[in-house]
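Me: I have a structure to go through for class. Could you walk me through it?

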Amino acid sequence: MKSSSYNQIVYGSLLHPKELKSHGISIDMIEFVRVKGYKRIFNQEPSRRRADTINRAVLNIQKDNNSWFNAILIKNISENSLKELDIREIGYDRLNLQDGCVKCYKDGTIVQNCFVYMGKDGKQNSKILPNIDYFKLCLNGAKSHFDRFHIDYLSTTYQNSLEGIELISDI
């Protein structure tokens, strides 16, 4: 990344306003965005939310040129906040996104200098299902914004199934 401020893309538990607030992030610090070129899926083994059950998957993204997902962009993250986030996202690697793949909901403006956390290699498992409490936290976070955001979350979020992967459903 080129500058000392960063734009972070969040797509899981940080969609929830209470989670954002717990990190000192206010509504004026965010934008609602779409990220193309990746698929959001509950296939990540947890690093913090440990569970001894099949229902333990947390969200991850994987490269997929034909997919996109909706997210929140946290504007102008400081270097100190970045270090705190790296600790929070211990099971993930920070990935710089290619300029042009992040667009704002409100007007289609392209946002540059963005990064996202993507699951570390070897932390994915196609045999696990979503952690139920985490699933609800993410879904309720998406629901808490605006209708289109919630609908887009449901139509761009996947989970493992017997047939491979399938879209999640509302609860």
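The exchange below covers the fold as a whole and then one helix.

Reply: Please note at the outset that this is a predicted model.

Me: How many helices and strands are there in the protein?

Reply: The protein has four helices and nine strands. Starting at the N terminus, the order of elements is β-α-β-β-α-β-β-β-β-α-α-β-β.

Me: And what does the radius of gyration say about the protein?

Reply: A compact globule of 171 residues would have a radius of gyration near 16 Å, and the protein has 15 Å, which agrees. Its C-alpha trace spans about 45 × 30 × 30 Å along the principal axes.

Me: What share of the residues count as buried?

Reply: Of the 171 residues, 51% count as buried. The protein exposes about 8,800 Å², and carbon and sulfur atoms supply 49% of that area.

Me: Changing topic to α3: which of its residues are buried?

Reply: They are Tyr-134, Phe-135, Cys-138, Leu-139, Gly-141 and Ala-142. Viewed down the axis of α3, the buried residues fall within an arc of 155°, so they line one face of the helix.

Me: What do they pack against?

Reply: The buried residues of α3 pack against several elements, including α1 (17-22), β2 (30-44), β3 (55-77) and α4 (147-155).

Me: Which residue caps the N-terminal end of α3?

Reply: Asn-131 does, with a side-chain oxygen 3.1 Å from the backbone nitrogen of Asp-133.

Me: What about the span of α3?

Reply: Helix α3 has 12 residues (132-143), and at 1.5 Å a residue these should span 16 Å. The end C-alpha atoms are 16 Å apart, which agrees.

Definitions and conventions:
Residues are numbered from 1 along each chain as its sequence is written. This is a predicted model: local features need pLDDT of at least 70, side-chain atom pairs count only at pLDDT 80 or more; totals for chains, interfaces and linings use all residues. Side-chain values use heavy atoms; hydrogens and water are left out. Helices (H or I, at least four residues) and strands (E, at least two) are DSSP runs, numbered from the N terminus. The expected span of a helix is 1.5 Å times one less than its number of residues. Buried means under 20% relative accessible area, exposed over 50%, partly exposed in between (1.4 Å probe, protein chains only). The arc is that of the directions from the helix axis to the C-beta atoms. Contact means heavy atoms within 4.5 Å. A polar contact is a pair of N or O atoms within 3.5 Å; within protein, one must be able to donate a hydrogen and the other to accept it, and residues adjacent in sequence count only if both atoms are side-chain atoms. The radius of gyration is taken over C-alpha atoms; the globule rule is 2.2 Å times the number of residues to the power 0.38. Accessible areas come from the Shrake-Rupley method with a 1.4 Å probe; for residues, only the protein chains shown count as cover.
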